[in-house]
Amino acid sequence: MARYTLQRFVYMLITLFIIATATFFLMKLLPGSPLQNQEKLSPEQQKIILEKYGLNDPVPVQYIRYLGNLAKGDLGVSFQYDNRPVSQLIGDRIGPSAQLGFQALVFGTIVGILLGVIAAVRHNTAIDYTATILAVLGISIPSFVFGGLLQYYIGVKLKLLPVAFWEGFEYTIMPTLALSVFVIASIARFMRTEMLEVLGSDYILTARAKGISGFGVIFKHGLRNAMIPIITILGPMAVNLMTGTLVIEQIFAVPGLGEQFVRSINLNDYPVIMGTTIFYSALFILVIFIVDLLYGLIDPRIRLAGGKK
Amino acid sequence: MMTEKQLSPELFELATERQGDMEKINRPSLTFFQDAWIRLRKNKGAVFGLVMIIIITLMAIFAPILSNHTYKEQNLKHAKLPPRIPVLENIDWLPFNGKDMNGINVYEKRGVKEYYWFGTDDLGRDLWTRTWYGARISLYIGVLAAAIDLLIGIAYGGISGFYGGRVDNVMQRIIEVLVGIPNLIVVILFILVFEPGIISITVAMVITGWVTMARIVRGQILKLKNMEYVLAARTLGASDSRIIAKHLLPNVVGPIIITTMFTIPSAIFTEAFLSFIGLGIRPPQASLGSLVNDGYKSIQTFPHLMMIPAFVISLLILSFNLLADGLRDALDPKMRK
């Protein structure tokens, strides 16, 4: 297990290094510079500004310095937001995004598991079909469309919930819902498949034969075993929530990291784009790393297969 | 101990001779695909998906050609018209009667003789043409993603799985690193460096799109290449390329089709998503994602601007998902749940 963990950890670092390097050199290819109104500045002023951002040094020197700073957690300073450090900008903005993501994940997982279990238990009935159709709709309708529909019908027409902004719990409900649709749908689909397989297995039959109630069999024997593979879809789920926050925060005007990322892309604020990219990637890679390890811990068969490599 | 019964010879009678019939095959033998097609046809969702994909494809090809407007033609006099379709306009509850939020027929009020089937946007561009033009882009992205899967993914996975050893080791390490990088990040970086537009999305997808397919093909090839029929072919002197093309790939066709079919809707979604946040298709070109985004700005007054493209993109992705689900069940009955 220790060797496996170490191996995964090394891959994690290599991947991060490649992302950081690729991001750096791609950014160097980009048109535009931190100098606004370049024509109005005298050559001396331009030189001072470039000096300040370290943009006068040869690219390899910049690259080494960039990697060094990165190792210290320094992501540079923003061109647009009054020279504020990127790490500070990320820190300020991560709260709402994390809250939205967390709420959507918890709500989505609970509803998804319930929906999937009910569909599996009532296999081939109207309830099953309805749940299946809902799940397909859920993975098909893009979150930005669903967010818009919620906003229009619940916010504008019925005036039940605030349409946008971020001023309290009721403001988080619609974005959370919009974000959790995909989570609900994919977990429900997954749960249904797993649950059907588990319910068809011999040990469930044994439990039933011993006279355990239907409820007990489903929840104690069935659900526990069916839930193990759900860990495998946590990775894609994390990516999806991340992508989701990019649009959902824009639609609902949530002051989160995703909203800032999209804005800095439109403003050509390269340090912020770079920093956020690396931050997102690191987060994603970490999730995959943890999922890999968790899976090895929970299901020894995986560990053995992984260890053999 | 069972009590043995005495069986007298009278109990037996001679069987009529029908040896020929025993071996006779009554039903025509079906190929793998005929069999799958029969199973697919029974799946209502898949048939619905297939029909919808065909309809949307036909609309995307012909609607912009047959329309009187081009996707970028502006007519400010006809700006912000609600949808109006002949015949359907007489059905009150359908939103195609040319009336705005207040129930006023804008067409009559402004004296517009023409019918704009899906209405017009704030620059007077015909939404009907723009929606189907956007559907073209979505379908192009879908076809492109499928092509990348089929070309790069199969080749990479096939080579890696078939040759094994050091080649496989190196190729797998590369994949392991690539898998760790979120696709979206690569796509966004590419679009930043090269201008937003269809070409950047294409290039970014070429780089990221094939990894899943390569992994699946490799897994299948690894399993198949040790089968006895492959050994037999090898003993008879078949070349590597012949074994790959004639013996291995035909047996991987099922998983390949399934993977491709699931790639398509997610690629379509990615493009719509990028266009929605302003990184994809640039105006005056239209993509379903950018149309939805444009529609947002006037959702309170002209909801049709958002609803119609949103409906088409959702329907398109839904159809592909339904068809993919159906194909998975049809091609791999073992996976059927």
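Okay, let's start with a question: into which domains is chain A divided? The assignment gives domain 1, covering 41-69, and domain 2, covering 89-254. And how far apart do the C-alpha centres of domain 1 of chain A and domain 2 of chain A lie? That comes out at 47 Å. Before I go on, please keep in mind that what you have in front of you is a predicted model.

Let's stay with chain A for a bit. If you go through its secondary structure, you'll count 13 helices and zero strands. So read along the sequence, the pattern is just α-α-α-α-α-α-α-α-α-α-α-α-α. The C-alpha trace of chain A spans about 85 × 60 × 25 Å along its principal axes. Out of the 309 residues in chain A, 45% are buried. As for surface, chain A has about 15,400 Å² accessible, and 67% of that belongs to carbon and sulfur atoms. And if you take the contacts in chain A with a separation of 6 or more, 73% are between residues 24 or more positions apart.

There's also a record to mention here. UniProt, in an unreviewed entry, places the feature "domain: ABC transmembrane type-1" at residues 94-295 of chain A. What does the chain look like over that stretch? Over residues 94-295, chain A is 82% helix and 0% strand, and the C-alpha atoms at the two ends are 28 Å apart.

Now over to chain B. Here too the secondary structure comes to 13 helices and zero strands. How spread out is chain B, set against a compact globule? Its radius of gyration is 28 Å, and the globule rule gives 20 Å for 337 residues; the value for chain B is well over that, so the chain is more spread out than a compact globule. If you'd like that as a box, the C-alpha atoms of chain B fill roughly 100 × 65 × 40 Å along the principal axes. Of its 337 residues, 50% count as buried. Chain B exposes about 18,400 Å², with carbon and sulfur atoms supplying 62% of it. And for contacts in chain B with a separation of 6 or more, residues 24 or more positions apart account for 73%.

Let me zoom in on one residue of chain B, Lys99(B). You'll find Lys99(B) in the loop between α3 (44-66) and α4 (106-110) of chain B. Lys99(B) has 37% relative accessibility, so it counts as partly exposed. Asp122(B) is 23 residues away from Lys99(B) along the chain, and their C-alpha atoms are separated by 16 Å.

Last topic: aromatic rings. Over all chains, the count comes to 17 aromatic pairs. Take Phe261(A) and Tyr280(A) as one example: the ring centres are 5.7 Å apart and the planes sit at 80°, so this pair is edge-to-face. Phe261(A) is in helix α11 (residues 257-266) of chain A, while Tyr280(A) is in helix α12 (residues 270-298) of chain A, so the pair ties together parts that are 19 residues apart in sequence. Are these two buried or exposed? Both Phe261(A) and Tyr280(A) are buried.

And one more for you to find on screen. Which residues do ring pairs link into a cluster? Those are Phe144(A), together with Phe269(B), Phe273(B), Phe276(B) and Tyr296(B). That's it from me, thanks for listening.

Terms used. Residues numbered from 1 in each chain as written. Chains lettered and ligands numbered in written order. Predicted model: local features only at pLDDT ≥ 70, side-chain atom pairs only at ≥ 80, totals over all residues. Heavy atoms only, no water. Phe/Tyr/Trp six-rings, centres within 6.5 Å; stacked < 30°, edge-to-face > 60°. Helix = DSSP H or I, 4+ residues; strand = E, 2+ residues; numbered from the N terminus. Buried < 20%, exposed > 50% of the residue type's maximum accessible area, 1.4 Å probe, protein only. UniProt positions renumbered as here; feature names shortened; annotations may be inferred. Rg over C-alpha atoms; globule rule 2.2 N^0.38 Å. Contact = heavy atoms within 4.5 Å. Areas by Shrake-Rupley, 256 points an atom, 1.4 Å probe, with all protein chains shown as cover. Domains from an automatic or database assignment.
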